[in-house]
Amino acid sequence: MIQKDKLYSIWVYLQAEPLFWLTLTIGSYLVGDYLYKKSKLFPLVNPVAISILIISYERYFEGAKFIHFMLGPATVALAIPIYKQFKLIQKEALSISVSLVTGSLFAIISTFALCEIFKIDDQVLFSMLPRSATAPIAMGIADLIGGIPSLTAIITILTGIMGASFGTFALDFLKLKDMSARGFGLGLASHGLGTARAMSRNETAGVFAALALGLNGIATSILVPLLFKLLNIF
Amino acid sequence: MLRAIFVIFFFQLLGEALKKFFEMRIPGPVIGLILLLIALIFLKRFKTTAVNKLKNDVLSTSNYILSYLSLLFVPIGVGVVMHLSYLENNLFKVLVIVFISTILTIGLTAFLMEKINKQINKK
């Protein structure tokens, strides 16, 4: 019994420190990454999803703040691959603009239509509309049109997880080979998580995903309020 | 490595400050990304060894950080999964809507882009 109490007190001590959660996060990620490679890069064996399943614990976030913090610098670091592929981006300027406007509109309108079909409450609907933009932008838009920002955060991350886990199936089904197009689709619809997935497979795909993430953040923050006004007129 | 980390943090800081100053809705790190990109393009004109050294340092450090981009999403992912109950009885419907709409958006966007690129390359 004494042994058990001692173990418990060690656990209480450790779980209050970031070290434990940081080690756990990196460990779970490595397990996920190992399984992902073992499965010959099968998209559903997603290292992020596996880590989430291993960890899921309420008090986790406090301890893992440092890893979360690195998201900001990593976003800034995306400037480097974009810089390296700047010529290709300039060359594909036309297809980028057309796909951006079409994809962004489609994401918003299809979400709206599906919400109508499934009879979703207005407040939840408004929280869902900007979900393809990166989380901080989506939350700002939701706030503007009367959604609930914290609900938007959850739905936006879910969008990212869905895109990162299932997106490549859609791309393979359509037999798309163009790495810039594959990346752009993933980044546009599923922002950071989609970009991370694209980046882990191919640098060109990653660059175009990062580009789509940035551009769709801007497009969504213009289109959602605009469509929302149109909706109120009718 | 250390100098590159300084450069990256500095640009993020600059982005956060500008966001606050102009009360923009774009996230600070995204503004930092744009500023760093502009700086890199601008620095192309200067080919001194000091500039090149710093640039190479930033390039290799960034590649290193980006190779672990997925890992950085684990904390927020856990947070979301722990708060799924927040969606109450809408959970299943929301999951279905998000799934369908996201997959179709990815497919449509990439399909369109590949077709246009092919047309342009033919000419």
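**Entry 1: the ground rules**

I count two residues as in contact if their C-beta atoms, placed from the backbone, lie within 7 Å. What I am reading is a predicted model, in which local features need pLDDT of at least 70 and side-chain atom pairs count only at pLDDT 80 or more, while totals for chains, interfaces and linings use all residues. I number residues from 1 along each chain as its sequence is written, and chains are lettered from A and ligands numbered from 1 in the order in which they are written.

**Entry 2: the contact between the chains**

I looked up how many residues each chain brings to the contact, and I found 81 residues from chain A and 61 residues from chain B. On the side of chain B that touches chain A, I noted that α1 (2-22), α2 (28-43), α3 (49-66), α4 (74-82) and α5 (91-122) of chain B each supply at least two residues; helices here are DSSP runs of H or I with at least four residues, strands are runs of E with at least two, and both are numbered from the N terminus. The most comes from α5(B), which gives 23 residues to that side.

I then sorted the residues of the side of chain B that touches chain A by class, and they divide into 44 nonpolar, 14 polar and three charged. For this sorting, Ala, Val, Leu, Ile, Met, Phe, Trp, Tyr, Cys and Pro count as nonpolar, Asp, Glu, Lys and Arg as charged, and the others, Gly among them, as polar.

**Entry 3: confidence**

The predictor gives the complex an ipTM of 0.87 and a pTM of 0.85. For chain B I found a mean pLDDT (the predictor's confidence in each residue, from 0 to 100) of 88, with 100% of its residues at 70 or more. Within chain B, confidence is highest in α5(B), at a mean of 94, and lowest in α4(B), at 83.

**Entry 4: chain A as a whole**

I looked up the secondary structure of chain A and recorded 14 helices and zero strands. The C-alpha trace of chain A spans about 70 × 40 × 30 Å along its principal axes. Of the 234 residues in chain A, 53% are buried, where buried asks for 20 or more other C-beta atoms within 10 Å of the residue's own, exposed for 12 or fewer, and partly exposed lies in between, with C-beta atoms placed from the backbone. Among the contacts in chain A with a separation of 6 or more, 61% join residues 24 or more positions apart.

**Entry 5: domains**

Chain A is divided into domain 1 (1-69) and domain 2 (72-233), with bounds that come from an automatic or database domain assignment. The contact between these domains takes six residues from domain 1 of chain A and seven residues from domain 2 of chain A. The side of domain 1 of chain A that touches domain 2 of chain A holds five nonpolar, one polar and no charged residues.

In chain B the assignment gives domain 1 (1-67) and domain 2 (73-123), and the C-alpha centres of these two domains of chain B lie 29 Å apart.

**Entry 6: two backbone angles**

Most residues other than glycine have a negative phi. I noted K119(A), which is not a glycine and has a positive phi of about 55°. K119(A) lies in the loop between α9 (93-117) and α10 (122-128) of chain A, and K119(A) counts as exposed because it has 8 C-beta neighbours inside 10 Å.

I also noted E23(B), whose phi is near 50°. E23(B) lies in the loop between α1 and α2 of chain B, and E23(B) counts as exposed because it has 6 C-beta neighbours inside 10 Å.
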